Amino acid sequence: MTDARAKARTERGESRFAEGFALFAECLLTGVWIAVASLPLVTYPAAFAAGARHLGRRLAHERGGWREFTADFRAAVRRGWLVGLAGWAALAAVWVDVQAVRNGLPGGPLVGAVGVLALIGAAVAGLRAAAAWRPGVSWRSLLAQAGRRTVLDPAGSFLIVGGLAVVLCSAWFSAPLAVAVLGAVAAAAVAVEERYRRR
């Protein structure tokens, strides 16, 4: 695949820097697409799946744009909205845990820490599942496999956690910046999945 990329780059006359900058710009644009597709709140897994597919096409030097992203999003959202709903339910459960800890629940700090770590693990598994999504593949099987990869590949999982931290810091600094950075998180998930596949 690396040889194919180098060949495609030389055929187009692009330098390595130009190709990298074009990919970075594509990540920012994809982040905006993901944010728009996530506006219904329960569609964020499908939005990330479509974004990851778009970036995968870009890395493979295949044609693809908004139409392909939209088609992938429509296919992913059929069952992906249930995953999004489950994610919000998990977030609500952790929020209740944290409130209980703040109110002095005995053993609360341990329960709160476990809840937050479980939420982070679920977010990483969700992103890994979205990066591996293909039309026709069950979200349930994707999430089960992604959960195993999250545990078996801690280095890759930590990279995705770092990407999520960048989004949170960007949102704290400037909300519009966090929108664009969502594409970089999708790209990180794609890269982590590709790295795990090649091991």
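**Salt bridges and helix packing around α8**

In this predicted model, the side chains of Asp 153 and Arg 199 come together in a salt bridge, with an N to O distance of 3.5 Å. The pair connects distant parts of the chain, since Asp 153 belongs to the loop between α6 and α7 (154-173) while Arg 199 belongs to the segment after α8, 46 residues apart. The two partners differ in their surroundings: Asp 153 is buried, with a relative accessible area of 1%, whereas Arg 199, at 59% relative accessibility, counts as exposed.

A further salt bridge is found between the side chains of Arg 149 and Glu 193, at 2.7 Å from N to O. Arg 149 is located in helix α6 (residues 139-152) and Glu 193 in helix α8, so that this pair ties together parts of the chain that lie 44 residues apart in sequence. Here Arg 149 is buried, its relative accessible area being 10%, and Glu 193 is likewise buried, at 12%, which is under the 20% limit applied to buried residues. Both of these pairs contribute residues to a network of salt bridges that links Arg 128, Arg 149, Asp 153, Glu 193, Arg 195 and Arg 199.

Within helix α8, Glu 194 forms a salt bridge with Arg 197, the closest N and O atoms being 2.6 Å apart. Because Glu 194 and Arg 197 are three residues apart in helix α8, about one helical turn separates them. Glu 194 is partly exposed, with a relative accessible area of 24%, and Arg 197 is exposed, with a value of 57%. In the structure as a whole, the search finds nine salt bridges.

Helix α8 also takes part in a helix-helix packing. The axes of helix α3 (residues 44-59) and helix α8 (residues 175-198) come within 9 Å of each other and cross at roughly 70°. This angle makes α3 roughly perpendicular to α8, because angles from 65 to 115 degrees are placed in that class. The crossing in which α3 passes α8 is right-handed. On the α3 side, the contact involves Phe 48, Ala 52, Leu 55 and Leu 59, which meet Leu 182, Gly 183, Val 185, Ala 186, Ala 187 and Val 190 of α8. Sorted by class, the residues in the contact of α3 with α8 comprise nine nonpolar, one polar and no charged residues, the polar class being the one to which Gly is assigned.

Note on methods
Residues numbered from 1 in each chain as written. Predicted model: local features only at pLDDT ≥ 70, side-chain atom pairs only at ≥ 80, totals over all residues. Heavy atoms only, no water. Axes fitted to C-alpha atoms, helices over the stretch in contact; angles between N-to-C directions. Helix = DSSP H or I, 4+ residues; strand = E, 2+ residues; numbered from the N terminus. Parallel < 35°, antiparallel > 145°, perpendicular 65-115°, else oblique. Left-handed = near helix turned anticlockwise from the far one by under 90°. Contact = heavy atoms within 4.5 Å. Salt bridge = Lys/Arg side-chain N within 4 Å of Asp/Glu carboxyl O. Buried < 20%, exposed > 50% of the residue type's maximum accessible area, 1.4 Å probe, protein only.
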